[in-house]
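Hi everyone, thanks for making the time. I'd like to walk you through a structure that will be new to most of you, so please have a look at it first.

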Amino acid sequence: MQKDKVITAKDLTKRFGDFTAVDKITFDVEKGEIFGFLGANGAGKTTAMRMLCGLLLPTSGQASVAGFDVFKQNEQIKKNIGYMSQKFSLYEDLTIVENIRFYGGIYGLSDDRIKQKTTSLMKQLHLEGQEKTLVRALPLGWKQKLAFSIAIVHEPAIVFLDEPTGGVDPVTRREFWGLIYEASARGITIFVTTHYMDEAEYCNRVSIMVDGRIDALDSPANLMKDYSAASMDEVFLHLARKAVRTGD
Amino acid sequence: MKPVVVENIVQKYRTKKTVVDALNGISFSVDKGEIFGIIGPDGAGKTSLFRILTTLLLAESGKATIDGFDVVKDYKAIRNRIGYMPGRFSLYQDLSVQENLEFFATIFNTTIAKNYDLIKDIYQQIEPFKDRKAGALSGGMKQKLALSCSLIHKPSVLFLDEPTTGVDAVSRKEFWEMLHRLKLQGITILVSTAYMDEASLCDRVALIQKGDLLSVDTPGGVIRGFKKPLWAIRGNNMYQLMNLVKEDASVESCYPFGQYHHVVFKKPGDDKQTLENIAQKGNFHDLEIKPIEPNIEDCFMALMNN
């Protein structure tokens, strides 16, 4: 593995019986890159992401994430990545600080480090004075921002974001991307899926999956040029319409 | 008679300690055969409004009618004549596709054959799977089945609560094409969404945020309501560029929009030259600055900040 690559995947494949969910995907993601992982429902994104997170054993191919092999070192992968999705993020019946402490503990941070992190996070998110607020009582947008910050509380090499901004108001959605840019500037690699095509344009590079394969992978500007499209929305529609498979 | 009239509807949710204001006295009406969009983020009050209008929730105060029937007094008449597709898949998972459709047809005292014309377009796409259990369908197919079931009694008003949430761009486009074909059959459609770009597909929209209506207008009217000039800027380092522009005292707002940042100045005198001057403080190349037309999301954010 080259030093500056956080993900390398070669011919990575997952079959369920005679159904090939992910079909020989090959790609690299560089350190600090914001990598958009797009595809229609059912294209194989979730399966690919589960393999990269060490949650699902591939059928064949090779891949390493944060320097660890997806076949043999999936436990190390889990410790060295961050993960956040719209569906699973924080414990609603714990306070903000309890959530930070819980996840800090899970990721093996020392008590001192957790204390430090708590102070700096509360400040960064302008949540000072709300330490004892239950997460349930926070507006959705704040929850998402807090969830992202907690997903990278252990300064992982890479964080996986699965549709992090669904349903969030447009201002908060942009503030959320501000946090993503900041993390990427600190060297944390961002791997993100989204249904918002304008968000695809914020990524350094995007890949588009169709029927289990990566059909396109480049910077948004180059993709738009290649497909003579005015927006990523057009590029996506052009590629995803070819799909034979449908559904989740 | 307007198919939907909403007057000063207020809704609050109470727990032991707190009161949450879900709808703060909202009013609007919908014309016959219109596609009317309720557009706003999660938590804006969209679902509360839909539940009140479909007679599933009693409002704290205010009045609403559907086809002239009162949502409190005449709930039975309303339930007979509306179609409702909730945000969460609510069909019977352990019945097959066809059994679900038959069930809803029977409940409404009709048959599939009687109104087949109306759903043909949509149902044909899932008919090859008619013996499959609804629980085993993919997201897109579930959505089509739910829409078919909500249409089987030929409702006069159709309520669709976030039908496209979590649906990919291709399926979203197809879904809207289906709605436009239904509109041609004379059905009035109320549809909610958190995707701002879907506003342009509606005849009129109500923008909703934290229980208040920010604007009720045609998509074009909403856009014409954006009075200040809007500029788009891009360069090689977008994050740095955004921070620099945002910090400048002359700038009212700067938001990223895909490949560009959209910028509004506080005073009308500032223009392209001002942006060029700001950008000069950084070391940018490939700088591009141009005036642009606002989209619904620009308008929504401007209204939110008012």
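What share of the contacts in chain A with a separation of 6 or more comes from residues 24 or more positions apart? Such residues account for 67% of those contacts. Before I go on, please keep in mind that this is a predicted model.

Let's stay with chain A for a moment. Chain A is built with nine helices and ten strands. Its radius of gyration is 18 Å, close to the 18 Å given by the globule rule for 248 residues, so chain A is as compact as a globular protein of that length. If you draw a box around its C-alpha atoms along the principal axes, the box comes out at roughly 50 × 40 × 35 Å. And 44% of the 248 residues count as buried.

Now let me zoom in on one residue, Leu12(A). You will find Leu12(A) in strand E1 of chain A, which covers residues 5–16. Is Leu12(A) buried or exposed? Leu12(A) is buried, because 23 other C-beta atoms lie within 10 Å, and the cut-off for buried is 20 or more. Leaving aside residues up to four places away in sequence, Leu12(A) touches Val22(A), Ile25(A), Met51(A), Pro58(A), Gly61(A) and Ala63(A). There is also a nice example of the chain coming back on itself in space: Arg213(A) is 201 residues away from Leu12(A) along the chain, and yet 9.9 Å separates their C-alpha atoms.

Next, a pair of helices in chain A. Please look for helix H5, residues 140–151, and then for H6(A). How do their axes meet? They come within 10 Å and cross at roughly 10 degrees. That angle is under 35 degrees, which means H5(A) is roughly parallel to H6(A). On the H5(A) side, the residues that take part are Gly141(A), Gln144(A), Lys145(A), Phe148(A) and Ser149(A). They meet Thr172(A), Glu175(A), Phe176(A) and Leu179(A) of H6(A). Sorted by class, this contact has three nonpolar, four polar and two charged residues.

Let's turn to chain B. Here we have ten helices and 14 strands. The C-alpha trace spans about 70 × 45 × 40 Å along its principal axes. Of the 306 residues, 42% count as buried. For contacts with a separation of 6 or more in chain B, 69% are between residues 24 or more positions apart.

I'd like to show you two sheets in chain B. As a reminder, strands of a sheet pair through backbone hydrogen bonds, either parallel or antiparallel.

One sheet is open and has four strands, in the order E2-E1-E4-E5, with antiparallel pairing. Which strands sit at the edges? They are E2(B), residues 19–30, and E5(B), residues 69–70, and each of them pairs on one side only. E5(B) is joined to strand E4 of chain B, residues 61–66, over two bridges in the antiparallel sense. In one of the pairs, Thr65(B) has Asp70(B) in E5(B) as its bridge partner. A helix also packs here: H1(B), residues 46–53, lies across E1(B), E2(B) and E4(B), running at about 120 degrees to E1(B).

The other sheet is open too, with six strands in the order E6-E7-E8-E3-E9-E10 and mixed pairing. Its edge strands are E6(B), residues 82–85, and E10(B), residues 212–217. From one strand to the next, the twist averages 15 degrees. E6(B) pairs with E7(B), residues 157–160, in the parallel sense over four bridges. Within this sheet, Met85(B) stands opposite Leu160(B) in E7(B). This sheet has a helix as well: H6(B), residues 169–184, lies across E3(B), E7(B) and E8(B), running at about 155 degrees to E8(B).

Finally, let's bring the two chains together. How many residues of chain A are in contact with chain B? There are 30 of them, in contact with 28 residues of chain B. The elements of chain A that give two or more residues to this side are helices H6 (170–185), H7 (197–200) and H9 (232–240). The largest share, six residues, comes from H6(A). So our helix from earlier turns up again here, as H6(A) also meets H5(A). By class, the side of chain A that touches chain B has 15 nonpolar, eight polar and seven charged residues.

Thanks for listening, and I'm happy to go back to any part of it.

Note on methods. Residues numbered from 1 in each chain as written. Chains lettered and ligands numbered in written order. Predicted model: local features only at pLDDT ≥ 70, side-chain atom pairs only at ≥ 80, totals over all residues. Contact = placed C-beta atoms within 7 Å. Nonpolar A, V, L, I, M, F, W, Y, C, P; charged D, E, K, R; others polar. Rg over C-alpha atoms; globule rule 2.2 N^0.38 Å. Buried ≥ 20, exposed ≤ 12 C-beta atoms within 10 Å, placed from the backbone. Axes fitted to C-alpha atoms, helices over the stretch in contact; angles between N-to-C directions. Parallel < 35°, antiparallel > 145°, perpendicular 65-115°, else oblique. Pairing = 2+ DSSP bridges.
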